[in-house]
Amino acid sequence: MASAESQTVIVLGIDPGLANTGYGVVARRGGRMLELDGGVIETHAGLAAERRLTQIHAAVDALMEEHRPDAVALEELYFGQNVRTAFAVGQARGVVLLAAGQHGVPCTGYTPQQVKGAVCGSGRAQKDQVARMVMVLLGLAEEPRPDHAADALAVALCHANCAPLAMALAGASG
(Lines give C-alpha, C1' and ligand atoms only; values in the text may rest on other atoms or scores of the structure.)
Protein backbone atom coordinates (compact mmCIF):
# COMPACT_ATOMS: atom_id res chain seq x y z
CA MET A 1 0.00 0.00 0.00
CA ALA A 2 1.41 3.39 -1.00
CA SER A 3 1.87 5.96 1.72
CA ALA A 4 0.41 9.45 1.49
CA GLU A 5 3.95 10.78 1.13
CA SER A 6 4.55 8.84 -2.10
CA GLN A 7 1.19 9.72 -3.64
CA THR A 8 1.30 12.12 -6.60
CA VAL A 9 -1.39 14.78 -6.85
CA ILE A 10 -1.76 16.70 -10.11
CA VAL A 11 -3.45 20.11 -10.15
CA LEU A 12 -4.47 22.10 -13.22
CA GLY A 13 -4.45 25.80 -12.36
CA ILE A 14 -6.41 28.25 -14.51
CA ASP A 15 -6.25 32.04 -14.80
CA PRO A 16 -9.40 32.52 -16.91
CA GLY A 17 -9.93 35.13 -19.59
CA LEU A 18 -11.61 35.33 -22.97
CA ALA A 19 -8.55 36.64 -24.83
CA ASN A 20 -5.95 34.84 -22.71
CA THR A 21 -6.57 31.90 -20.41
CA GLY A 22 -3.47 30.97 -18.50
CA TYR A 23 -2.92 27.37 -17.48
CA GLY A 24 -0.38 25.68 -15.25
CA VAL A 25 -0.07 22.04 -14.28
CA VAL A 26 1.81 21.10 -11.14
CA ALA A 27 2.44 17.78 -9.45
CA ARG A 28 2.92 17.35 -5.73
CA ARG A 29 5.01 14.28 -4.98
CA GLY A 30 5.53 13.96 -1.28
CA GLY A 31 6.82 17.38 -0.27
CA ARG A 32 8.10 18.37 -3.73
CA MET A 33 6.31 20.50 -6.28
CA LEU A 34 7.03 20.05 -9.98
CA GLU A 35 5.85 21.97 -13.03
CA LEU A 36 4.45 19.64 -15.68
CA ASP A 37 3.10 22.23 -18.12
CA GLY A 38 2.18 25.87 -18.45
CA GLY A 39 1.16 28.40 -21.05
CA VAL A 40 -1.67 30.48 -22.42
CA ILE A 41 -4.73 29.63 -24.50
CA GLU A 42 -5.17 32.64 -26.80
CA THR A 43 -8.29 33.48 -28.76
CA HIS A 44 -8.60 36.08 -31.49
CA ALA A 45 -10.65 39.21 -30.73
CA GLY A 46 -12.24 39.09 -34.21
CA LEU A 47 -14.00 35.79 -33.51
CA ALA A 48 -17.52 35.56 -32.11
CA ALA A 49 -17.65 34.88 -28.35
CA GLU A 50 -19.09 31.39 -28.84
CA ARG A 51 -16.17 30.44 -31.11
CA ARG A 52 -13.65 31.80 -28.61
CA LEU A 53 -15.30 29.89 -25.75
CA THR A 54 -15.31 26.73 -27.88
CA GLN A 55 -11.55 27.11 -28.40
CA ILE A 56 -10.95 27.55 -24.66
CA HIS A 57 -13.10 24.51 -23.86
CA ALA A 58 -11.32 22.36 -26.44
CA ALA A 59 -7.88 23.38 -25.16
CA VAL A 60 -8.80 22.74 -21.52
CA ASP A 61 -10.35 19.41 -22.50
CA ALA A 62 -7.07 18.48 -24.21
CA LEU A 63 -5.11 19.47 -21.08
CA MET A 64 -7.45 17.29 -19.00
CA GLU A 65 -6.89 14.35 -21.34
CA GLU A 66 -3.11 14.82 -21.38
CA HIS A 67 -2.45 15.40 -17.67
CA ARG A 68 -5.41 13.67 -15.95
CA PRO A 69 -5.45 16.15 -13.05
CA ASP A 70 -6.87 15.25 -9.64
CA ALA A 71 -8.20 18.78 -9.22
CA VAL A 72 -8.75 22.03 -11.09
CA ALA A 73 -8.05 25.31 -9.32
CA LEU A 74 -9.41 28.54 -10.81
CA GLU A 75 -8.82 32.13 -9.99
CA GLU A 76 -12.07 33.77 -8.90
CA LEU A 77 -13.39 36.89 -10.59
CA TYR A 78 -11.77 40.12 -9.53
CA PHE A 79 -14.60 42.63 -9.29
CA GLY A 80 -12.33 45.65 -9.70
CA GLN A 81 -12.47 44.99 -13.43
CA ASN A 82 -15.12 46.57 -15.61
CA VAL A 83 -18.41 44.73 -16.04
CA ARG A 84 -17.76 43.68 -19.64
CA THR A 85 -14.42 42.16 -18.66
CA ALA A 86 -16.03 40.44 -15.66
CA PHE A 87 -18.67 38.83 -17.91
CA ALA A 88 -16.00 37.60 -20.35
CA VAL A 89 -13.91 36.16 -17.51
CA GLY A 90 -17.02 34.52 -16.06
CA GLN A 91 -17.82 32.91 -19.40
CA ALA A 92 -14.26 31.59 -19.69
CA ARG A 93 -14.52 30.21 -16.13
CA GLY A 94 -17.77 28.54 -17.14
CA VAL A 95 -16.29 26.57 -20.01
CA VAL A 96 -13.36 25.50 -17.79
CA LEU A 97 -15.86 24.30 -15.17
CA LEU A 98 -17.76 22.46 -17.91
CA ALA A 99 -14.61 20.68 -19.12
CA ALA A 100 -13.71 19.69 -15.57
CA GLY A 101 -17.25 18.48 -14.92
CA GLN A 102 -17.20 16.38 -18.08
CA HIS A 103 -14.05 14.68 -16.75
CA GLY A 104 -15.42 14.33 -13.21
CA VAL A 105 -12.64 16.49 -11.77
CA PRO A 106 -13.46 18.65 -8.72
CA CYS A 107 -12.89 22.42 -8.96
CA THR A 108 -11.96 24.96 -6.33
CA GLY A 109 -11.88 28.73 -6.72
CA TYR A 110 -9.38 31.04 -5.06
CA THR A 111 -9.37 34.83 -4.88
CA PRO A 112 -6.30 36.66 -6.15
CA GLN A 113 -5.51 37.56 -2.51
CA GLN A 114 -5.66 33.89 -1.45
CA VAL A 115 -3.32 32.91 -4.28
CA LYS A 116 -0.83 35.68 -3.50
CA GLY A 117 -0.97 34.83 0.20
CA ALA A 118 -0.35 31.13 -0.41
CA VAL A 119 2.52 31.70 -2.83
CA CYS A 120 4.14 34.89 -1.48
CA GLY A 121 2.95 35.10 2.11
CA SER A 122 1.11 38.36 1.41
CA GLY A 123 -2.21 38.92 -0.33
CA ARG A 124 -0.89 42.27 -1.54
CA ALA A 125 2.09 40.87 -3.48
CA GLN A 126 2.79 42.35 -6.90
CA LYS A 127 2.69 40.32 -10.15
CA ASP A 128 6.50 40.22 -10.42
CA GLN A 129 6.75 38.89 -6.84
CA VAL A 130 4.27 36.12 -7.68
CA ALA A 131 6.25 35.12 -10.79
CA ARG A 132 9.53 35.07 -8.80
CA MET A 133 8.02 32.91 -6.05
CA VAL A 134 6.51 30.50 -8.59
CA MET A 135 10.00 30.16 -10.10
CA VAL A 136 11.53 29.47 -6.67
CA LEU A 137 8.82 27.09 -5.45
CA LEU A 138 8.94 25.02 -8.64
CA GLY A 139 12.73 25.17 -9.03
CA LEU A 140 12.49 26.74 -12.50
CA ALA A 141 15.51 28.24 -14.27
CA GLU A 142 13.58 31.43 -15.07
CA GLU A 143 10.30 33.14 -14.26
CA PRO A 144 7.34 31.65 -16.13
CA ARG A 145 6.06 33.83 -18.97
CA PRO A 146 3.70 35.30 -19.92
CA ASP A 147 2.00 36.66 -16.76
CA HIS A 148 -1.16 34.59 -17.32
CA ALA A 149 0.87 31.37 -17.25
CA ALA A 150 2.69 32.46 -14.07
CA ASP A 151 -0.66 33.33 -12.45
CA ALA A 152 -2.12 29.94 -13.41
CA LEU A 153 0.89 28.12 -11.94
CA ALA A 154 0.43 30.20 -8.77
CA VAL A 155 -3.25 29.13 -8.58
CA ALA A 156 -2.21 25.47 -8.96
CA LEU A 157 0.44 25.89 -6.24
CA CYS A 158 -2.11 27.55 -3.99
CA HIS A 159 -4.44 24.56 -4.32
CA ALA A 160 -1.67 21.98 -3.97
CA ASN A 161 -0.55 23.66 -0.74
CA CYS A 162 -3.99 24.54 0.69
CA ALA A 163 -6.07 21.48 -0.23
CA PRO A 164 -4.31 18.97 2.10
CA LEU A 165 -4.81 21.32 5.05
CA ALA A 166 -8.45 21.96 4.12
CA MET A 167 -9.11 18.20 3.86
CA ALA A 168 -7.39 17.55 7.21
CA LEU A 169 -9.43 20.28 8.90
CA ALA A 170 -12.67 18.98 7.34
CA GLY A 171 -11.84 15.48 8.58
CA ALA A 172 -11.02 16.73 12.08
CA SER A 173 -14.33 18.58 12.39
CA GLY A 174 -16.43 15.75 10.93
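Let's start with a charged pair: Asp151 and Lys127 join their side chains in a salt bridge, with N and O 2.4 Å apart. This contact links distant parts of the chain, since Asp151 sits in helix α5 (residues 147–173) and Lys127 in helix α4 (residues 127–138), 24 residues apart. Please keep in mind that the model is a predicted one. The points below look at this pair again, then at the other salt bridges, and finally at the whole protein.

**The pair between helices α4 and α5**

- The two partners have their own surroundings: Asp151 has a relative accessibility of 9%, while Lys127 has 47%.
- Asp151 counts as buried because its value of 9% falls under the 20% cut-off.
- Lys127 counts as partly exposed because its 47% lies between the 20% and 50% limits.
- As general background, side chains of opposite charge can pair when their charged atoms come close.

**A pair within helix α4**

- Helix α4 also holds a salt bridge of its own, in which the side chains of Arg132 and Asp128 meet at 3.4 Å, N to O.
- These two residues are 4 positions apart in helix α4, which is about one turn of the helix.
- Arg132 is partly exposed, with a relative accessible area of 38%.
- Asp128 is partly exposed as well, at 41% relative accessibility.

**A network around Arg145**

- Glu143 and Arg145 form a salt bridge whose closest N and O atoms are 3.0 Å apart.
- Asp147 joins them, so to speak: Glu143, Arg145 and Asp147 are linked in a network of salt bridges.
- Arg145 is exposed, with a relative accessible area of 55%, a value over the 50% cut-off.
- In total, the structure holds 6 salt bridges, and the ones described here are among them.

**The protein as a whole**

- The protein has 5 helices and 5 strands.
- Read from the N terminus, these elements follow the order β-β-β-α-β-α-β-α-α-α.
- The protein has 174 residues, and 40% of them count as buried.
- Among contacts in the protein with a separation of 6 or more, 58% are between residues 24 or more positions apart.
- About 9,200 Å² of the protein is exposed, and carbon and sulfur atoms supply 54% of that area.

Technical notes
Residues are numbered from 1 along each chain as its sequence is written. This is a predicted model: local features need pLDDT of at least 70, side-chain atom pairs count only at pLDDT 80 or more; totals for chains, interfaces and linings use all residues. Side-chain values use heavy atoms; hydrogens and water are left out. Buried means under 20% relative accessible area, exposed over 50%, partly exposed in between (1.4 Å probe, protein chains only). Contact means heavy atoms within 4.5 Å. Accessible areas come from the Shrake-Rupley method with a 1.4 Å probe; for residues, only the protein chains shown count as cover. A salt bridge is a side-chain nitrogen of Lys or Arg within 4 Å of a carboxyl oxygen of Asp or Glu.
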